[in-house]
Amino acid sequence: MAADEGKVDPMKQFQIEPLFGSSWDIAGFNIAFTNSALWMAITVVLLWAFVYGGMKRELVPGRWQMAVETFTGFIDDMLEANIGKEGRKYVPYVFSLFMFILFANLLGLMPVGIIPGFHAFTFTSHFTVTGVLAVISFSIVLIVGFAKHGIKFFTLFVPHGTPLLMIPAIFLIELFSFMIRPFSLALRLFVAMMAGHVLLKVLSSFVIDGFNYGIGTSLIVAVPSFALMIGISALEILVAGIQAYVFALLTSLYINDAEHLH
Amino acid sequence: MPQIDQLLETFSSQIFWLLVFFGITFVVIGRGMVPKVMGTVALRDKQIADDLAAAQGARDDADAQEETWRERENENRANAQALIANAKAKAAATSAKKLAAAQKRLDTKLSKAATAIDEARSAAMAEVEDVAAEATQDIVARLAGAKVDKRAARSAVKKALANG
């Protein structure tokens with residue numbers, strides 16, 4: 001990694017480094033406090049500060065309170081639109097999920113790298129993290145589904161009006177598409193985050209190398225790449241919001257399946 | 001790709017700390033703070049709805065009061081109209097009575113005057129008769145030399161007057 005100084009390794013940003021507690025472990029599994037864990041902690045603290053600023057409980061809200069209420073109202077509306085009245089009880093979970101992912105995505109885009117020795121780390125670009133979040137969402141769907149409908153939950157895999165002959169095949173296909181959900185949920189966020197960050201790093205290496213080689217490459221390569229980076233950074237901010245929204249939206253749609261079975 | 005290269009050494013730490021921090025997020029923020037924020041919103045919505053309802057109530061109240069005021073006003077106007085009509089009628093009646101009384105007074109005066117005239121006329125007539133009877137006696141005595149008593153003369157005069 002550090003072998004060739006001046007070269008940008010687009011994968012280095014995903015490196016997990018233990019900060020302390022390298023020897024901590026639970027039942028033989030290492031639980032060192034890493035840079036990934038540090039950014040999770042920062043996410044939690046900032047998210048807490050953001051929501052705390054909106055807890056003044058004023059009748060006429062200020063800007064901050066308005067912003068927080070907009071987010072809770074957004075999640076509330078989304079759950080009510082997708083699930084209905086029963087959706088309200090999932091607001092705490094879906095709000096936590098959406099805001100946690102949103103803050104993580106946005107924090108990963110912060111230019112803290114300009115401070116020497118600091119690097120932003122986007123933990124949502126790790127499938128270990130997105131996988132756990134997807135498994136939690138999927139578990140909620142399974143628990144709610146079986147608790148509410150029992151064995152009838154399996155009728156979810158047989159859409160209304162399926163011909164009798166087709167039921168075994170349709171059941172298998174539907175079951176497969178159901179079981180693939182946690183994977184698609186986890187991979188979508190992981191891939192979107194990682195691809196954007198890799199692209200930005202690759203372009204930044206074009207900028208640095210272009211400037212280093214002289215005036216010609218500066219004009220032809222470095223300047224356009226830099227302009228492109230600015231545009232893609234804006235796009236990445238959009239993607240950060242969209243991916244958090246998609247994760248929360250799909251979770252609410254899956255919970256709707258569990259609540260209502262089609 | 002570090003996500004795969006470091007998978008074996010880091011997955012437990014990743015999962016552990018994610019569960020810790022996402023758990024904190026869910027319990028403290030999701031369960032602790034979000035319901036309060038949404039409670040504030042619900043409270044505000046309720047207050048706005050109540051205020052709107054109160055405003056509607058006040059408006060209805062004002063409409064009703066205006067309606068009763070209008071009714072009372074109409075009633076008062078009708079009363080005033082009736083009072084004026086009454087006063088007019090009373091005034092007309094008294095003036096008619098006064099006129100009638102004046103008329104009566106004039107009529108009695110007139111009839112008194114007429115009777116006075118009649119009396120005067122009949123008195124004058126009687127005088128004329130007396131004078132005529134005396135004149136007849138005188139004329140008869142001078143022309144015929146006969147003495148006619150007063151009564152006969154008078155009846156003759158009366159006859160003549162009645163014919164003439």
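## Where the chains meet

In this predicted model, 50 residues of chain A are in contact with 36 residues of chain B. Put the two chains together and about 3900 Å² gets buried between them, with 76% of that on carbon and sulfur atoms. On the chain B side, B:Gln3, B:Gln14 and B:Phe22 supply 17% of the area that chain B buries against chain A, which is more than any other three residues manage.

## The second largest pocket

Next, a look at the empty space. The second largest pocket holds about 200 Å³. Residues from chain A in its lining are A:Met66, A:Glu69, A:Thr70, A:Thr72, A:Gly73, A:Asp76 and A:Arg88, while chain B brings in B:Met38, B:Val41, B:Ala42, B:Arg44 and B:Asp45.

Which element gives the most to this lining? That's α2(A), with six residues. Both α2 of chain A (63–82) and α2 of chain B (7–143) supply at least two residues each. Sorted by class, the lining has five charged, four nonpolar and three polar residues.

## A helix pair in chain B

Over in chain B, α2(B) packs against α3 (residues 150–163) at an angle of about 115°, and their axes sit 8 Å apart. The crossing is right-handed.

From α2(B), the contact uses B:Glu129, B:Asp130, B:Ala132, B:Ala133, B:Thr136 and B:Gln137. Facing them from α3(B) are B:Lys150, B:Ala153, B:Arg154, B:Val157, B:Lys158 and B:Leu161. By class, this contact has five nonpolar, five charged and two polar residues.

Technical notes:
Residues numbered from 1 in each chain as written. Chains lettered and ligands numbered in written order. Predicted model: local features only at pLDDT ≥ 70, side-chain atom pairs only at ≥ 80, totals over all residues. Heavy atoms only, no water. 1 Å grid on protein atoms, 1.4 Å probe; cavity = no way out; pocket = protein on both sides within 12 Å on 5 of 7 lines; lining within 4 Å. Points joined across faces, edges and corners; volume = space filled by probe spheres on them. Helix = DSSP H or I, 4+ residues; strand = E, 2+ residues; numbered from the N terminus. Nonpolar A, V, L, I, M, F, W, Y, C, P; charged D, E, K, R; others polar. Axes fitted to C-alpha atoms, helices over the stretch in contact; angles between N-to-C directions. Left-handed = near helix turned anticlockwise from the far one by under 90°. Contact = heavy atoms within 4.5 Å. Buried area = accessible area lost by both parts, 1.4 Å probe.
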